[in-house]
Amino acid sequence: MIATADVLAAAQARVSSLGGEILGFTESEVMQALEAVSKRKPGVVAFERMFAITPRGAALINRIKADPRLLKTEIRVVAHDSDYMRISPRQKTEAQKALDQRGTRRAPRFKMKESTQIAIDTSAGRIIDLSTIGAQIACTLTLKPLQELKITLAAPGGNLKFVARVAWASFEVLPNSGPRYRAGIEFVDADAAGVDAFIQAHKA
């Protein structure tokens, strides 16, 4: 069960009828919750309704849905103060068709030249592909889902600076290159026109 701290106990009581061991996590323990879900592969992951509709809650739900190891895990949304309970469907609705396999929103993406760089907080990385609302990147900086990043793209008309959120991340070691993280990021407040101009200048 994942809920805001003030209603966690009440939300856990609502799902007690499901039986079995119930682990509770607050909204500030999202990473611990994701780790527990990944390791335990529970039959049900429940989200309190008010947390489920927040950006962090929605991102976590999409992350669980996108994990092929958790196909048998049912996602439920419950209310802490009523009998409301619904199963969050895995099949794509019209609204969800804009999501890719990792849970990030889809827009036309373009493969970037291998030399295309991105500044991530205080580190440098490479852009693998890019759209006006997100990117796939590679860097040596440790990245985790839901982490917020300060992004800078170097552009002739002035650097583009904005915030992005990690949608998914994976650690990899490639031959003839050191360990790195590959990640999908969603742009929070990027200037779409500026990013589109960057794409046109750097696409492969």
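The following questions and answers go through confidence, charged pairs, aromatic rings and a few single residues in this predicted model.

Reader: Where in the chain is confidence highest, and where is it lowest?
Author: The mean pLDDT of the chain is 84, and 92% of its residues reach 70 or more. In the chain, the lowest confidence belongs to α4, with a mean of 82. The highest is in strand β7 (residues 117-120), at 95.

Reader: Over which residues does pLDDT stay under 50?
Author: The model has 28 contacts beyond four places in sequence for this stretch. Its pLDDT stays under 50 throughout, and the stretch is residues 92-105.

Reader: Which parts of the chain does the salt bridge between Asp83 and Arg14 tie together, and how many residues apart are they?
Author: A search of the whole structure gives seven salt bridges. In the one between Asp83 and Arg14, the closest N and O atoms are 3.1 Å apart. Asp83 lies in the loop between β4 and β5 (85-87) and Arg14 in helix α1 (residues 8-14), so the pair ties together parts of the chain whose separation in sequence is 69 residues.

Reader: Is Arg14 buried, exposed or partly exposed?
Author: Its partner Asp83 has a relative accessible area of 70%, which is over 50%, so Asp83 is exposed. Arg14 has 34%, which falls between the cut-offs of 20% and 50%, so Arg14 is partly exposed.

Reader: How many residues apart are Glu21 and Arg40?
Author: The side chains of Glu21 and Arg40 form a salt bridge at 3.4 Å, N to O. Glu21 is in the loop between α1 and β2 (25-26) and Arg40 is in helix α2 (residues 30-40), so the pair links distant parts of the chain. Both Glu21 and Arg40 are exposed. Their separation is 19 residues.

Reader: Which strands are linked by Glu148 and Arg165?
Author: These two residues form a salt bridge with the closest N and O atoms 3.1 Å apart. Arg165 is partly exposed, with a relative accessible area of 22%. The two residues are 17 apart, and the strands are β10 (residues 148-153) for Glu148 and β11 for Arg165.

Reader: Why is the pair of Phe171 and Tyr181 given the geometry it has?
Author: The count of aromatic pairs comes to three. In the pair of Phe171 and Tyr181, the ring centres are 5.3 Å apart and the planes stand at 65°, which is over 60, so the pair is edge-to-face.

Reader: Which of Phe171 and Tyr181 is buried and which is exposed?
Author: Phe171 has a relative accessible area of 52%, which is over 50%, so Phe171 is exposed. Tyr181 has 18%, which is under 20%, so the buried residue is Tyr181.

Reader: The charged end of which residue sits over the ring of Tyr84?
Author: The charged end lies 4.4 Å from the centre of the Tyr84 ring. The residue is Arg49.

Reader: Which backbone oxygen does the side chain of Thr73 reach?
Author: Thr73 is in the loop between α4 (55-66) and β4 (74-78). Its relative accessible area is 3%, which is under 20%, so Thr73 is buried. At 2.7 Å, its side chain reaches the backbone oxygen of Pro42.

Reader: What is phi of Leu146 near, and is Leu146 buried or exposed?
Author: Leu146 lies in the loop between β9 (134-139) and β10. Phi is near 80°, a positive value in a residue other than glycine. Its relative accessibility is 12%, which is under 20%, so Leu146 counts as buried.

How values were computed. Residues numbered from 1 in each chain as written. Heavy atoms only, no water. Helix = DSSP H or I, 4+ residues; strand = E, 2+ residues; numbered from the N terminus. Buried < 20%, exposed > 50% of the residue type's maximum accessible area, 1.4 Å probe, protein only. Polar contact = N/O pair within 3.5 Å; in protein donor to acceptor, adjacent residues only side chain to side chain. Phe/Tyr/Trp six-rings, centres within 6.5 Å; stacked < 30°, edge-to-face > 60°. Lys NZ or Arg CZ within 6 Å of the ring centre and 35° of its normal. pLDDT = per-residue confidence, 0-100. Contact = heavy atoms within 4.5 Å. Salt bridge = Lys/Arg side-chain N within 4 Å of Asp/Glu carboxyl O.
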